[in-house]
Amino acid sequence: MRKRIKDTGLRVCLGLGRLFPPRGTPVLGYHSVADDDSNITISPKMFDVQMSWLKDAGYQGVSFKHFISFVDKEGRLPEKTAVLTFDDGLKDFYTSAWPVLRRCGFSATVFVPTHYIGGKANWYAHYGLDPVPMLDWKEIRELTASGIDIQSHGCSHRPLTDLAPDELHREVIASKKVLEEGLGQPIDFFCCPQGAQNDEVAAAIRDAGYKAGIGGGDGLFRLKDDRYRLKRQLLDYIAITDEKTARLSISACARGSFAWYVKAKKRVKHYG
């Protein structure tokens with residue numbers, strides 16, 4: 001029953017998206033690509049289904065860095081493009097997501113919390129999962145050399161809105177420095193851990209010298225948007241357990257109407 005409601009909701013959003021096409025570029029957000037029973041994960045098989053759908057539909061899957069570079073140079077949004085981002089710097093990006101991306105000719109951005117490089121993401125216990133292994137420096141450098149974009153997700157993965165001003169600035173500045181020293185290249189983009197952002201966080205990201213920052217808003221990238229409070233469409237808000245749901249959700253993301261589904265779902269849960 002719940003699956004039928006979910007798929008019906010996705011179809012409704014797709015239909016509305018065709019009638020009233022949203023303007024902007026989809027920035028997709030993933031976390032773990034693994035066979036775990038959690039909404040914060042997508043199985044390698046379903047991830048393959050989604051990336052294959054994008055490729056077959058004529059979309060380019062690009063990194064956030066590549067996308068922003070195009071926008072800044074051309075002054076317009078690229079056509080049929082999906083920006084692919086992965087939070088937390090998990091090792092399963094290297095083992096499960098990257099092979100699929102390579103086969104499809106896609107790139108992506110991985111946002112890494114620097115304190116945990118080579119360790120484990122202990123906060124995944126909140127999602128009912130064991131601590132998840134993280135990328136180590138060897139893997140990060142290999143990914144970078146192969147065209148994957150590595151950017152900052154802070155140091156400690158704490159919600160930045162909970163921190164005192166000095167801690168907040170340390171998170172955005174120190175993580176940038178660690179990654180720049182480790183990779184020998186500029187780190188220009190920041191993604192707020194757990195989507196926690198307010199005016200003070202956006203200002204700290206800007207003042208630290210980043211070119212843009214992603215917050216917790218649901219929606220598309222538009223040229224007029226505040227570069228330090230950018231939105232995404234997070235796939236974590238839906239359980240993707242079969243190919244039908246995988247295709248419905250990725251097509252809604254690509255067409256920009258998945259955020260409508262997420263907002264409706266949040267409203268129903270809030271008032272339910």
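**Parallel strand pairing and a nonpolar surface patch**

Phenylalanine 111 stands opposite glutamine 151 in strand 9, a pairing found in a model that is predicted. Strand 9, which spans residues 149-152, is joined to strand 6 in the parallel sense over four bridges. Strand 6 also runs parallel to strand 5 (residues 81-87), to which three bridges join it, and phenylalanine 111 is here the bridge partner of aspartate 87. Between strand 5 and strand 6 the chain passes through helix 4 (residues 91-104), and the resulting β-α-β crossover is right-handed.

In a regular strand the side chains alternate between the two faces of the sheet. Within strand 6 (residues 109-112), Thr109 and Phe111 point one way, whereas Val110 and Val112 point the other way, and all are buried.

A further set of parallel pairings involves strand 11 (residues 212-218), which is largely enclosed by the rest of the structure, because five of its seven residues are buried. Strand 10 (residues 189-191) pairs with strand 11 in the parallel sense over three bridges, with cysteine 191 standing opposite isoleucine 214. The chain reaches strand 11 from strand 10 through helix 7 (residues 199-207), in a β-α-β crossover that is right-handed. Strand 11 also runs parallel to strand 12 (residues 230-234), with two bridges joining them, and aspartate 218 has arginine 232 of strand 12 as its bridge partner.

At the surface, Val12, Leu16, Leu19 and Phe20 make a nonpolar patch of about 410 Å². Of these residues, valine 12 lies in helix 1 (residues 2-19), and its relative accessibility of 46% means that valine 12 counts as partly exposed.

Notes: Residues numbered from 1 in each chain as written. Predicted model: local features only at pLDDT ≥ 70, side-chain atom pairs only at ≥ 80, totals over all residues. Heavy atoms only, no water. Buried < 20%, exposed > 50% of the residue type's maximum accessible area, 1.4 Å probe, protein only. Pairing = 2+ DSSP bridges. Right-handed = clockwise from strand over helix to strand, strands pointing away. Patch = residues over 30% accessible without salt bridge, like charges linked within 9 Å, V, L, I, M, F, W, Y side chains within 5 Å. Areas by Shrake-Rupley, 256 points an atom, 1.4 Å probe, with all protein chains shown as cover. Salt bridge = Lys/Arg side-chain N within 4 Å of Asp/Glu carboxyl O.
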